[in-house]
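Dear colleague,

I am handing over the structure we spoke about, and you will find the sequence and the coordinates just below. After them I have set out what turned up, grouped by the kind of contact or feature.

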Amino acid sequence: MNDLSQLLFALSYKALPLLFAMVLHEYAHGWVADKCGDSTAKTQGRLTMNPLAHIDLFGTIIVPLICLMLPGSFLLGWAKPVPVDPRNMRQPRRDMALVAAAGPGMNFLLAVCSAALLSLVLSMDPSLLSSDTPNAAGEPDASSAAIVLLPVAVMALYSVLVNVFLGIFNLMPIPPLDGGRILLSLLPPRPALALARLEPYGMMILVGLLVFDRELRIIHTLTSTFASGLSGTILSTAVGLIPRVSP
């Protein structure tokens, strides 16, 4: 029962930020594609922020639940990819790079917005900076403001972390990740064609790298270093904006 309660607690503050991160990531792909001349996502009803249009049974539900049940794992997942047809674009190579960059770009924007929300919440109640704020009776503060603001602050904090991680992870230069698609658009035609042939096997290659990386720790070290540095910079900047209250 304790494990179940911990799972429900983790879901209560992790699920919503992750869902927003995945849905808006895909929405950004479709929005930029539409601006570049490809309305495929719009005509198929995918240019929407309705989560139901983007949910992938395996990536949006099963994988995050498995991550939550594994001790010490990071909550990860993905939404159903937005359909894009480069033949409809005005400049396919350039526009595909822009479409690919839009997803991670949205994640970084969400991280900044989440940090701003966290700064606003902490400015309303600076005591939330302490994980355990006792009141005069020696018990945790259970004021109505804290009851409302604390979950918002925790979700905003997690939103910064998950969006920075997803943004950096998706920039890995392996198709079909966004970084791989950007690289395809930047390479000369012949190397780009060779890299494109790997795309059907991209997810298997990625899974293999992640499995072997449990021993090598190369991908983990790179992503965690960049993610920790960027999220730390965003959070420290946001917290630094909180007005100091004189005692």
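To begin with the charged pairs, Asp34 forms a salt bridge with Lys42, in which the closest N and O atoms are 3.4 Å apart. Please bear in mind throughout that this is a predicted model. Lys42 is partly exposed, with a relative accessible area of 48%. The structure holds 4 salt bridges, and two others deserve a description here.

One of them joins Asp95 and Arg94, whose closest N and O atoms are 2.6 Å apart. The two partners differ in their surroundings, since Asp95 counts as buried at 0% relative accessibility, whereas Arg94 is partly exposed at 42%.

Another salt bridge brings together the side chains of Arg181 and Glu199, at 2.8 Å from N to O. Arg181 lies in helix H6 (residues 178-186), while Glu199 sits in the loop between helix H7 (189-196) and helix H8 (202-216), so the pair ties together parts that are 18 residues apart in sequence. Arg181 counts as partly exposed, at 26% relative accessibility, and Glu199 is likewise partly exposed, at 23%.

Turning to the aromatic side chains, the count comes to 2 aromatic pairs. In the pair made by Tyr13 and Tyr158, the ring centres are 6.2 Å apart and the planes stand at 90°, which is over the 60 degrees required, so the pair is edge-to-face. This pair links distant parts of the chain, with Tyr13 in helix H1 (residues 2-35) and Tyr158 in helix H5 (residues 144-170), 145 residues apart. Tyr158 is buried, with a relative accessible area of 7%.

The other pair, Phe165 and Phe169, is stacked, with 6.0 Å from centre to centre and 15° between the planes. Because Phe165 and Phe169 are 4 residues apart in helix H5, they are separated by about one helical turn. Phe165 counts as buried at 18% relative accessibility, because buried means under 20%, and Phe169 is also buried, with a relative accessible area of 11%.

As for the helices themselves, helix H4 (residues 92-124) has 33 residues and reaches 48 Å from its first C-alpha to its last, which is close to the 48 Å expected at 1.5 Å a residue. H4 nevertheless bends by about 30° at Ala102, and a proline, Pro104, follows within four residues. Ala115 is one of two residues in a contact that spans much of the sequence: its C-alpha atom and that of Ile234 are separated by 6.7 Å, although the residues are 119 apart along the chain. Ile234 is placed in helix H9 (residues 218-240) and counts as buried, at 14% relative accessibility.

Finally, there is a nonpolar patch on the surface, formed by Leu57, Phe58, Ile61, Ile62, Leu65, Ile66, Met69 and Trp78, which together have about 740 Å² of accessible area. Leu65, one of these residues, is found in helix H3 (residues 57-69) and is partly exposed, with a relative accessible area of 34%.

With best regards

Technical notes:
Residues are numbered from 1 along each chain as its sequence is written. This is a predicted model: local features need pLDDT of at least 70, side-chain atom pairs count only at pLDDT 80 or more; totals for chains, interfaces and linings use all residues. Side-chain values use heavy atoms; hydrogens and water are left out. Patches are made of residues with over 30% relative accessible area and no salt bridge: like charges are joined within 9 Å, nonpolar side chains (Val, Leu, Ile, Met, Phe, Trp, Tyr) within 5 Å. Accessible areas come from the Shrake-Rupley method with a 1.4 Å probe; for residues, only the protein chains shown count as cover. Helices (H or I, at least four residues) and strands (E, at least two) are DSSP runs, numbered from the N terminus. Buried means under 20% relative accessible area, exposed over 50%, partly exposed in between (1.4 Å probe, protein chains only). The expected span of a helix is 1.5 Å times one less than its number of residues. The bend at a residue is the angle between axes fitted to the seven residues ending there and the seven starting there. Rings of Phe, Tyr and Trp (its six-membered ring) pair if their centres lie within 6.5 Å; planes under 30 degrees apart count as stacked, over 60 as edge-to-face and the rest as tilted.
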